[in-house]
Amino acid sequence: MGKVRITNRTRLAGIFGDPVEQSLSPVMHNAAFEATGIDMVYLPFRVAPGSLVNAVTAVRGLEMPGVNITIPHKERVMGLLDEVSDEARAIGAVNTVVNDGGRLRGHNTDGRGWLASLVEETGFDPRGKTCLVAGAGGSARAVLHTLLREGIGSVTVANRTLERAEALIDDLSELFPDARMTAMVLSKGLLVENAREADLVVNTTSLGMMGRGAPDLPVEAMRPGAVASDIVYRPLDTDFLKAAARRGLRVHRGLGMLLYQGALAFELWTGRKAPVETMRAALEGALKEPRK
């Protein structure tokens, strides 16, 4: 991507988070704006928790078309918006805000972005399948909501603290009362049978990020033909995915979730089709560069 051109008509989008310096969203979105000829620029904004109200007010005041929201603001920002989509409310988090003439609408594109990349990379169809999800945080909630909406047959949610997994299941059971969901402790020794039966195993924890560790999952028990999915994208091939690949399993990398949730946000802000391949190339190029 070349230098960003600023004019007297350039509109400003961005991402609010704390920290936010590590985000690859500016690289992806600025490449998309340049490729489509849209006069917008996307910047990262470090917004401390105590400044979130002022930051959201600025979206209206500066007539920004929208912003992305990341940790630690995804839940709290919901109470500062005029509307929240049913999907975002069910997930309990907003990652995309759209400014519609001063009326701020919250969306969550994480789950749909994850599913789009899963289908693209592996062809996986959730309907009637069995799944094991590691983690019970915001990403797990987005993934689980999406799987239930798509008709997954049964899901085991495994987390280091059993209570969080049980709370997640309780919340989503209200929306999907017929869903077959089980909570378990995230421990390799306890999950052998679950991994053996799973068509899909998803790591939604941060374990594996920057090459640090791996979720306590019995990859060796996963059966041939199953899919291993990881939302971590630094590195692209986590220890969890490497172990799955050695067993000949299909793997789904985390970069696709980042790409497609961003593409959906782009389309909400602009009403234009996202240049997905341009955005993908920008992300892949950024990951090859040494971190500063």
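# Local features of a predicted model

P19 sits in the loop between β1 and α1. Helices are DSSP runs of H or I with at least four residues, strands are runs of E with at least two, and both are numbered from the N terminus. The peptide bond that leads from D18 to P19 is cis, with omega near 5°.

The model is predicted, and local features need pLDDT of at least 70, side-chain atom pairs count only at pLDDT 80 or more, while totals for chains, interfaces and linings use all residues. Residues are numbered from 1 along each chain as its sequence is written, and side-chain values use heavy atoms, with hydrogens and water left out.

## Loops and cis bonds

Another cis peptide bond runs from I71 to P72, with omega near 10°. P72 belongs to the loop between β3 and β4. H73 is also placed in the loop between β3 (66-69) and β4 (83-84). Setting aside residues up to four places away in sequence, H73 touches F16, G17, D18, V47, A48, P49 and L52. Contact here means heavy atoms within 4.5 Å. D18, one of these partners of H73, is also the residue from which the cis bond to P19 starts.

In the loop between α2 (52-61) and β3 lies E63. The phi angle of E63 is positive, about 55°, although E63 is not a glycine.

N8 is found in the segment before β1. The C-alpha atoms of N8 and D39 are 9.7 Å apart, with their positions 31 residues apart along the chain.

## Accessibility of selected residues

Buried means under 20% relative accessible area, exposed means over 50%, and partly exposed is in between (1.4 Å probe, protein chains only). The table applies these classes to residues named in this report.

| Residue | Relative accessibility | Class |
|---|---|---|
| N8 | 86% | exposed |
| F16 | 3% | buried |
| F45 | 26% | partly exposed |
| E63 | 64% | exposed |
| H73 | 1% | buried |
| R149 | 35% | partly exposed |

## Aromatic rings

A pair of aromatic rings is described by the distance of the centres and the angle of the planes. There are 3 aromatic pairs in the structure. In one of them, the ring centres of F16 and F45 are 5.9 Å apart and the planes stand at 85°, so the pair is edge-to-face. F16 is in strand β1 (residues 11-17) and F45 is in strand β2 (residues 40-46), so this pair ties together parts that are 29 residues apart in sequence. Rings of Phe, Tyr and Trp (its six-membered ring) pair if their centres lie within 6.5 Å, and planes count as stacked under 30 degrees, edge-to-face over 60 and tilted for the rest. Within the pair, F16 is buried, whereas F45 is partly exposed.

K129 lies over the face of F124, at 5.6 Å from the ring centre. For this, NZ of Lys or CZ of Arg must be within 6 Å of the ring centre and within 35 degrees of the ring normal.

## Helix packing

The axes of helix α1 (residues 25-36) and helix α9 (residues 255-270) come within 11 Å and cross at roughly 50°. That makes α1 oblique to α9. Angles under 35 degrees are roughly parallel, over 145 roughly antiparallel, 65 to 115 roughly perpendicular and the rest oblique. Axes are lines fitted to C-alpha atoms, for helices over the stretch in contact, and angles run from 0 to 180 degrees between N-to-C directions. From α1, S25, M28, H29, A32, F33 and T36 meet L258, L259, Q261, G262, F266, W269 and T270 of α9.

Helix α4 (residues 110-122) packs on α9 at an angle of about 125°, with the axes 7 Å apart. This makes α4 oblique to α9. The residues of α4 that meet α9 include W114, A116 and S117, and their counterparts in α9 include Y260, Q261 and L264. Q261 is thus among the α9 residues listed for α1 and among those listed for α4.

The axes of α4 and helix α5 (residues 138-149) come within 8 Å and cross at roughly 65°. That makes α4 roughly perpendicular to α5. D110, G111, R112, W114 and L115 of α4 form the contact with A142, V143, T146, L147 and R149 of α5.

R149 is located in helix α5. Apart from neighbours within four places in sequence, R149 is in contact with E87, R112 and F176. R149 and R76 are 73 residues apart in sequence, and their C-alpha atoms are 24 Å apart in space.
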